[in-house]
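Welcome, and thanks for taking a look at this one. Please open the sequence and the structure side by side before reading on.

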Amino acid sequence: MTNPDHPEPDHGLPSLPDPIAPMRAAVRYGALGLLALAVVASVISVLVAGMPGLWGALIGAAVGGGFILFTALGVLMTSKMPAMTAGAVLLGTWLLKLILAIVVMGSLDSLDFYNRNALVLTIVFALVIVLGAETYGVLSQRALYVDPQASSGSDNDDR
């Protein structure tokens with residue numbers, strides 16, 4: 001007996017992987033990696049440099065990790081757009097992020113409430129860890145690809 005509220009799954013067709021799933025996984029793993037880095041860098045920086053170390057680690061995680069994560073978020077949000085539009089949006093957001101990073105770093109130059117070593121090290125580690133986590137997120141997902149085969153009437157057989 002079938003229940004109209006709970007239809008039986010169609011076992012005749014295999015389920016196709018979601019084409020956006022790798023980017024969602026990249027953002028998820030990147031955010032988790034950034035969060036873990038922020039906690040670890042903050043604890044180590046406080047032990048080494050006190051409160052200025054904490055501020056340096058938090059700002060470094062925001063600048064380094066945010067720069068990379070916003071790129072992945074931009075790709076995810078523009079995935080349904082035409083290629084030219086998505087490319088224009090991604091280029092525009094990349095330029096905006098670059099300008100914002102320069103402004104933030106320039107405005108921090110004259111301030112002394114943070115530890116510069118903690119800031120720089122956290123930015124470098126954030127770039128590496130978030131990119132690595134996003135790469136793992138993309139590679140760990142199933143992706144649909146097609147292996148084209150020549151039709152039986154084709155004369156382009158390379159055997």
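Leaving out residues up to four places away in sequence, which residues does Ile 20 touch?

## Before the first helix

This is a predicted model, and Ile 20 is a good place to begin. Ile 20 sits in the segment before H1, and its contacts beyond four places in sequence are Leu 76, Ser 79 and Lys 80. Of these partners, take Lys 80: it lies 60 residues from Ile 20 in sequence, yet their C-alpha atoms are 9.2 Å apart in space.

Is Ile 20 buried or exposed? Its relative accessible area is 15%, so Ile 20 is buried, the cut-off for that class being under 20%.

## The overall picture

Stepping back, the protein has 4 helices and 0 strands, which gives the pattern α-α-α-α when read along the sequence. Among contacts with a separation of 6 or more, 80% join residues 24 or more positions apart.

The chain has 159 residues, and 28% of them are buried. Its accessible surface comes to about 11,300 Å². Carbon and sulfur atoms account for 69% of that surface.

## Helix H1 and its nonpolar patch

Helix H1 covers residues 21-49. How does its span compare with what 29 residues should give? At 1.5 Å a residue the expected value is 42 Å, and the end C-alpha atoms are 41 Å apart, so the two agree. Just after H1 comes Gly 50, with a positive phi of about 75°.

On the surface you will find a nonpolar patch formed by Leu 35, Val 39, Val 40, Val 43, Ile 44, Leu 47 and Val 48. Together these residues have about 720 Å² of accessible area. Leu 35, found in helix H1, has a relative accessibility of 54% and therefore counts as exposed, since that class begins over 50%.

## Two nonpolar cores

Now turn to the interior. The largest nonpolar core has 10 residues: Leu 34, Leu 37, Ala 38, Ala 41, Ala 57, Ala 61, Ile 68, Leu 69, Ala 126 and Val 130. Which helices each supply at least two residues of this core? They are H1, helix H2 (51-77) and helix H4 (116-139).

A second, separate core holds 6 residues, including Ile 59, Leu 108, Leu 119 and Ile 123. Back in the largest core, Ala 126 is worth selecting in your viewer. Setting aside neighbours within four places in sequence, Ala 126 is in contact with Leu 34, Leu 37, Gly 60, Gly 64, Gly 65 and Leu 131.

## Two buried hydroxyl residues

Ser 42 lies in helix H1. Its relative accessibility is 10%, so Ser 42 counts as buried. Beyond four places in sequence, Ser 42 touches Leu 37, Leu 54, Ala 57 and Leu 58.

Thr 122 belongs to helix H4. With a relative accessible area of 4%, Thr 122 is buried because it falls below the cut-off of 20%. What does Thr 122 touch, not counting residues up to four places away in sequence? Its partners are Leu 37, Ala 41, Ala 57, Gly 60 and Ala 61. Leu 37 and Ala 57 also appear among the contacts of Ser 42, and both are listed in the largest nonpolar core.

Methods. Residues are numbered from 1 along each chain as its sequence is written. This is a predicted model: local features need pLDDT of at least 70, side-chain atom pairs count only at pLDDT 80 or more; totals for chains, interfaces and linings use all residues. Side-chain values use heavy atoms; hydrogens and water are left out. Patches are made of residues with over 30% relative accessible area and no salt bridge: like charges are joined within 9 Å, nonpolar side chains (Val, Leu, Ile, Met, Phe, Trp, Tyr) within 5 Å. Accessible areas come from the Shrake-Rupley method with a 1.4 Å probe; for residues, only the protein chains shown count as cover. A salt bridge is a side-chain nitrogen of Lys or Arg within 4 Å of a carboxyl oxygen of Asp or Glu. Buried means under 20% relative accessible area, exposed over 50%, partly exposed in between (1.4 Å probe, protein chains only). A nonpolar core is a set of buried Ala, Val, Leu, Ile, Met, Phe, Trp, Tyr and Cys residues joined through side-chain atoms within 4.5 Å. Contact means heavy atoms within 4.5 Å. The expected span of a helix is 1.5 Å times one less than its number of residues.
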